[in-house]
Amino acid sequence: MLPLTPVLVAVVCILIVWIFKPADRSLRRKKREPGAPPWVDEDLNDSTDLHQGQEDADERPESEEDVEHIPFSHTRYPEKEMAKRSQEFYELLNKRRSVRFISNEQVPMEVINNVIKAAGTAPSGAHTEPWTFVLVKDPDVKHKIREIIEKEEEINYMKRMGHRWVTDLKKLRTNWVKEYLDTAPVLILIFKQVHGFTPSGRKKVHYYNEISVSIACGILLAALQNAGLVTVTTTPLNCGPHLRVLLGRPPHEKLLMLLPVGYPSKEATVPDLKRKALDQIMVTV
Ligand SMILES: Cc1cc2nc3c(=O)[nH]c(=O)nc-3n(C[C@H](O)[C@H](O)[C@H](O)COP(=O)(O)O)c2cc1C
């Protein structure tokens, strides 16, 4: 029998690490998900069409060109002006409502371009800007989107959602029929890019991509409100992969949100919801 030389020991150790590392990684990935309703995470992961080994972006950094640092330009307002501006901004946003009855009247595309530009000013992890905003104006594509969503939503309401969820939604009087997907002149589908690509085609890590895109969506909602348009925040469950393929988006993009955008229809109603007061949402330490 060969004596176990230090070299042989080192080779055996490397082999053991090499064999067990991928298994450990997939274990960790699985561990992150317990407790989450499977139908929610399924959509956001949408890993059915991404090979497991490709899911993690290449961790070897590729040197990027250094960025020049320039003086910061700041507008400082007198305190009175600050109070007025912040109060007016709050009042504007306090009028925002989720509107599920949208007229088929066309909206100016210049306005849509501006609100998307506003959303694109969001901060993002390591300035990766991991978002894609897909505008759908074509009536046939909108209708296909409606068919996909209504089919899944009917199953969601009838089978996948628990009793409590359906009860919680009762006050909103929502169901699986989504007429606004046909009537709204523009649908904005917001995709998060779970990774990007370096100039040489290697995978680039998109840190905190979901948080970054969610912030962009918040800015988009505020910009729409500011422009005088309405929408409803929707997260079509289990439709992500199907809609992604319909819209020709690549597998590293996952649907995060769908916003039907337009003017409210004349007969639009909203539930009379109350918002929490400041002392219920803020604590000062
Ligand atoms: C993450 C998220 C997902 C939502 N998904 C849906 C949805 O799928 N369908 C829907 O009709 N409303 C959806 N809403 C809208 C909420 O029902 C709505 O924001 C809430 O009832 C408060 O009403 P308001 O937006 O008028 O203040 C969603 C909101 C958020 C923030």
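The following dialogue examines a predicted model.

Student: How many salt bridges does a search of the whole structure find?
Tutor: A salt bridge requires a side-chain nitrogen of Lys or Arg within 4 Å of a carboxyl oxygen of Asp or Glu. One pair that meets in this way is Lys274 and Asp272, at 2.9 Å from N to O. A search of the whole structure finds such bridges, and their number is eight.

Student: Is Glu152, the partner of Arg160 in a salt bridge, buried or exposed?
Tutor: The side chains of Arg160 and Glu152 meet at 2.9 Å, N to O. Arg160 has 23% relative accessibility and therefore counts as partly exposed. Buried means under 20% relative accessible area. Glu152 has a relative accessible area of 17%, so this residue is buried.

Student: Which residue forms a salt bridge with Glu210, and in which strand does this partner lie?
Tutor: The closest N and O atoms of the pair are 3.0 Å apart, and the partner of Glu210 is Lys192. The pair links distant parts of the chain, 18 residues apart, with Glu210 in helix α8 and Lys192 in strand β2. Glu210 is partly exposed at 32% relative accessibility, whereas Lys192 is buried at 6%. The partner is thus Lys192, in strand β2.

Student: Which residues are linked with Arg146 in a network of salt bridges?
Tutor: Some salt bridges stand as a pair, such as that of Lys274 and Asp272, both of which are exposed. Arg146 belongs to a network of salt bridges, in which the linked residues are Glu150 and Asp182.

Student: Why do the buried residues of helix α4 line one face of the helix?
Tutor: In helix α4, residues 109–119, the buried residues are Ile112, Val115, Ile116 and Ala119. Seen down the axis of α4, these buried residues fall within a limited arc, so they line one face. An α-helix has 3.6 residues a turn, so residues three or four places apart point the same way. The arc that holds the buried residues of α4 is 100°.

Student: Which exposed residues does the other face of α4 carry, and what covers the buried residues?
Tutor: The cover of the buried residues of α4 includes β1, β2, α8 and β5. The face turned away from the buried side carries exposed residues, namely Glu110 and Lys117.

Student: Which residues form a nonpolar patch on the surface with Ile215?
Tutor: Ile215 has its place in helix α8, residues 209–227. With a relative accessible area of 35%, Ile215 is partly exposed. The patch has about 450 Å² of accessible area together, and the residues that form it with Ile215 are Tyr207, Tyr208 and Ile211.

Student: How many disulfides does the structure hold?
Tutor: A disulfide is a covalent bond between the sulfur atoms of two cysteines. Cys217 is buried, with a relative accessible area of 2%, and Cys239 is buried, with 0%. The number of disulfides in the structure is zero.

Student: What distance separates the C-alpha atoms of Tyr157 and Thr174?
Tutor: Tyr157 lies in helix α5, residues 139–160, and counts as buried at 13% relative accessibility. Leaving aside neighbours within four places in sequence, the contacts of Tyr157 include Val166, Leu169, Trp176 and Thr174. Tyr157 and Thr174 are 17 residues apart along the chain, and the separation of their C-alpha atoms is 9.8 Å.

Notes:
Residues numbered from 1 in each chain as written. Predicted model: local features only at pLDDT ≥ 70, side-chain atom pairs only at ≥ 80, totals over all residues. Heavy atoms only, no water. Patch = residues over 30% accessible without salt bridge, like charges linked within 9 Å, V, L, I, M, F, W, Y side chains within 5 Å. Areas by Shrake-Rupley, 256 points an atom, 1.4 Å probe, with all protein chains shown as cover. Helix = DSSP H or I, 4+ residues; strand = E, 2+ residues; numbered from the N terminus. Buried < 20%, exposed > 50% of the residue type's maximum accessible area, 1.4 Å probe, protein only. Arc of directions from axis to C-beta. Contact = heavy atoms within 4.5 Å. Disulfide = S-S within 2.5 Å.
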